Amino acid sequence: MNAYQLIQQDQLQEFKSGGSLYRHTKSGAQIYHMANQDNENSFAFSFHTPPPDDSGVPHILEHTVLCGSESFPIKDPFITLYKGSMHTFLNAFTAPEFTVYPASTVVEKDFFNLMRIYGDAVFFPLLRREAFMQEGHHVGLDEQGKAQRVGIVYNEMKGSYSSHESLLVEHSFRALFPGDPLSRDSGGDPGYIPDLTYEQFVDFHKKHYHPSNCRIFLYGDIPVQKSLDFLDKHFLSRFESAEPPLPNREIIPWNKPEIMEFPAPKGESDGCSHSVNWLLSPAWQPEERVALQVLAQILMGHGGSPLQMAIQQSPLGEDLSPVSGLELDVGHILFTLGIRGSARENAQAFKELVFNEPQKLCDHGISDEQINGALGLVEFREREIRGGTPLGLRLMGRLSRSWNYGENPILGLSFEKPFARLKKQAQDQAFWAALIKKHFLDNPHHSLVTLYPQEDYQQKQREKEEQAVNQWVSNLDDKARENWEISLVDLKTFQQEEDDPEILKSIPFLTKEEIPKEVSKIHFEKFQKLGFQWYEQNLYTRGVNYLDLGFSLDDFNLEERLWLPLFSHCFNELGTENYSYDQLAQQIALDMGGIHSSLVSGTPLGHKGGRNHFVIRMKMLKEQISPSLELLREILFKRDYNQETRLKELLLEFRNDIRTSLIPNGSGYALTRAAAPLSQGTLMDEFWYGISQYQHIQGALEQWENHGSETLIREFQSLSQKIFVRLKWVSLCSEGSNLSYLQHEVEDELRTWVIEPVGESQHIQVDFPAIQALQVPATVSFTAGVTRAAALDSPSYACELVISQLLKAGYLWENIRMKGGAYGASAGASGLEGYYFFSSFRDPRGHLSYKDYRSGLEYLKKNVTQMDIDLALIGLVGKDLAPLSPAQKASMAVKRDLYFISDELRQKNRDRLLSLTVEDLQSALDDLLNRWDSQQRLVLLAGKEHIEAALVDYPDFHKHSLELQV
């Protein structure tokens, strides 16, 4: 402890933790440790990296520090470690002002292995010029010898700037900070990324990646002394304290609002997006932060809140933009309201609309129901144990709201005390009126941003890019041209050279012997009652009760199934006999922590037919159980579908949500389309979540425009009458006596329900072309390829899992990402649905990646070693170790039972994994190659230029091409 000064200690009772803030005396680094009993230990290195311009230097640096370091001078120690780590989280990300390198694991040795690699990467990176060219940008030559601008970050941001919604997010945020680092794109604007020089890049690291500018977060049950000693020994003791560049805490307030307009890619219509954006208060002030969280919930927390209703019902546009909401994680609290599908001249009228509703609340007051509902939901979200990102890293994000800005770390964490004080003030109308006036009505620091479609936006971007590249090449003199050609040779050598085997041995991997031999299990009770299948789990839930209801859809025909996603989207967004839709939304906020529906499909192991369910999930506190069940009965059996205006709003909203996701989620849409015919489960994924659903919704909207609402209303009424009499299973998750009470209440409710038998299962058969192009207005492409795969209970399934792990962290990473410049590439096996897939994401090479898919299998067959297999096993098993939230455990238990994934089978697959040999893998690769050659299915989702370029090698893309309006 001599190397550190203890600055403060905190009792963090609401997180069952003790907090300690240290300063490393020699280097100036600050470390905050949260000690508790959580065995999922986390750490993060965070650096203040305000962007000096729009070149994306923080983002490019985030990528490049992981491309070799002083102690690990190989091409990519990050991905090498990825192969041999049981991490539950491993990533890096660039925020507007900070760059963060977080990781989590449940294995102590792995924790320090990850910290060793990450710490050496951020403090002592090699920063080779070739890595800068690969990750950032350079002028290269395509297959025809034509000069072009390439780079992984460059292509990533080209993809981001192809999305209307992404551009609106950027402009809405940055418009509030003119002249400030926050007004610049830390990720990088493709138009400015080429301006960044290698020398500027290296200088940025020297200035910002010093321990004095670093915040190190530690969380979990590993003794803090071990971590502090490790940090001092390996990294911090080598530095002298320096004066860090201070975070920009003071934003000069405006004395008048701003109006701004920006062009964007033109989509299906001439619709514009408008957003009104407020700068509120510093995020490290807990009293203001908590009050604004509740106020935001009152204003627009659900479909019945004043601002959501005003925007949805307004003739000024189609629906609420998804950019809307409260932003808490950029130092200052921001609030955005947006509308999409609007006319350019509606901007000022939209601003007036969003100011009118807060003014009405000031004039007429906020109802007790609105206040209590908002308080309840905000508190519920704080209490619930959520899945996804590890808890430690979620708390790190909250703590960073204050700590990263030079304030006390606990100010960003604090919730319970300021919330308790807020509840005492909550019924005082003057309090809310003052808050609304201060932050909204009388706050001049707000902007009105319009994003308007430009007909030739992308063409102009391409022409500008080509012109800049051609100009750059033409300006080269003989010496400069020679240096350029040498740099391309050096880059190719860098990418192709094999890492030194002796250096690879220095990477601190886990070993195969450290892999748990037994699979983790989810314990639950299963029994029959009232004619249903019941699942029960007694888990620590912090007082939250979960109820899932599964209704069979197996006897629904194709037309009915196509309507189900929209029906699910509208599930709790329509009124009933006793409540208008806004009243219902308010009652839901009062009576429960949340209710939503989803569609779940899969093919049970060993069956050809699918099993499909409409699932309703409710979550509530004990005192809410009875009123929640009463409200559920109202939603299910007293729904009023004759609400044309509301239905049209929801139809437009649903269509727009899909449309704006087509490019950002291009790989998913391509993969879903490619795999569709291979099983009933994959076919339902396509009809429910793929291009088929988009086409169906487009058709439904056209039918409404031409013939009115009759068809949709009729379909919804029919679905409602058919779904909710087909209850098949019930899942309960709670703790102790709460579970018994929940079961008793649910039993009493279900006794009153009418249940009818499910008819004969419908086997849906639809053919899709084996090779298909999906045309979208994107400057990068998304590829997917699938073929048949081994079943989950086949010995070959374990081999295909290992093959996937080796490919995506090896051959595909090196050839499609590093050499090809794509943002990502992946491979995987679905043993349940019986398909094997490849995909690439934001890929500048388009169809050329298909050749890499096959080449990867060939390469692996010739080069795989037992060490490769053993490292892949470590990473695969790590995925099974990630802790699950109570809600996740409840869902997983039901899924495994419904689709016959027993613990015995899971253990058999673990045993097979641990006994795999090179010969086993080579045999499986032979089978996979044969299936790929004879049964491959390819989908290319890309712009017109990429599709035309693919026709030479894949002429069927021309025969089976579908243009999607985005």
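The exchange below asks how some labels for this predicted model are earned.

Me: What makes the chain as compact as a globular protein of its length?
Reply: Set its radius of gyration against the globule rule. The chain holds 37 helices and 28 strands. Its radius of gyration is 28 Å, close to the 30 Å that the rule gives for 966 residues, so the chain is as compact as a globular protein of that length. The C-alpha trace spans about 80 × 65 × 60 Å along its principal axes.

Me: What share of the residues in the chain is buried?
Reply: Buried residues make up 62% of the 966. The cut-off is under 20% relative accessible area. The accessible surface comes to about 37400 Å², and 48% of that belongs to carbon and sulfur atoms.

Me: Among contacts between residues at least 6 apart in sequence, what share joins residues at least 24 apart?
Reply: The share is 81%.

Me: How many charged side chains of each sign are there, and how far apart are the centres of the two sets?
Reply: There are 94 positive and 130 negative side chains. The two centres lie 3 Å apart.

Me: Why is helix H1 called largely enclosed?
Reply: Count its buried residues. H1 covers residues 57-64, and 8 of the 8 are buried, so the helix is largely enclosed by the rest of the structure. The buried set runs through Val 57, Pro 58, His 59, Ile 60, Leu 61, Glu 62, His 63 and Thr 64.

Me: What covers the buried residues of H1?
Reply: The cover includes strands S6 (93-94) and S7 (98-105). It also includes helices H4 (129-135), H5 (152-160), H7 (198-208) and H30 (811-819).

Me: Why does helix H29 earn the words "largely enclosed"?
Reply: In H29, residues 795-808, 12 of the 14 residues are buried, so the rest of the structure largely encloses the helix. Among the buried residues are Glu 800, Gln 805 and Lys 808.

Me: Why is Gln 308 called buried or exposed?
Reply: Its relative accessibility is 14%. Buried means under 20%, so Gln 308 counts as buried. Gln 308 sits in helix H10 (residues 306-313). A polar atom of its side chain lies 3.0 Å from the backbone oxygen of Met 300. Residues that Gln 308 touches include His 302 and Leu 320.

Me: How do you know whether Thr 541 is buried or exposed?
Reply: Thr 541 has 1% relative accessibility. With the limit at under 20%, Thr 541 counts as buried. Its place is in the loop between S18 and strand S19 (545-552).

Me: What makes the pair Thr 541 and Glu 735 a polar contact?
Reply: The cut-off is N or O atoms within 3.5 Å. The side chains of Thr 541 and Glu 735 are joined at 3.1 Å, as a polar contact. Thr 541 also touches Ile 385, Cys 733 and Pro 886, among others. Arg 386 is 155 residues from Thr 541 in sequence, with 9.7 Å from C-alpha to C-alpha.

Me: What makes the phi of Leu 530 worth a remark?
Reply: Most residues other than glycine have a negative phi. Leu 530 has a positive phi, near 60 degrees. Leu 530 lies in the loop between strands S17 (525-529) and S18 (532-538).

Me: Why is Leu 530 called partly exposed?
Reply: Partly exposed falls between the buried limit of 20% and the exposed limit of 50%. Leu 530 is at 33%, so the label is partly exposed.

Me: What is the phi of Phe 900, and why is Phe 900 called partly exposed?
Reply: Phi is near 65 degrees, a positive value in a residue other than glycine. The relative accessible area is 37%, so Phe 900 is partly exposed. Phe 900 lies in the loop between helices H33 (886-898) and H34 (903-914).

Methods
Residues numbered from 1 in each chain as written. Predicted model: local features only at pLDDT ≥ 70, side-chain atom pairs only at ≥ 80, totals over all residues. Heavy atoms only, no water. Buried < 20%, exposed > 50% of the residue type's maximum accessible area, 1.4 Å probe, protein only. Helix = DSSP H or I, 4+ residues; strand = E, 2+ residues; numbered from the N terminus. Contact = heavy atoms within 4.5 Å. Rg over C-alpha atoms; globule rule 2.2 N^0.38 Å. Areas by Shrake-Rupley, 256 points an atom, 1.4 Å probe, with all protein chains shown as cover. Lys, Arg positive; Asp, Glu negative; His and termini not counted. Charge placed at Lys NZ, Arg CZ, Asp CG, Glu CD. Polar contact = N/O pair within 3.5 Å; in protein donor to acceptor, adjacent residues only side chain to side chain. Lists of a residue's contacts leave out its neighbours within four places in sequence.
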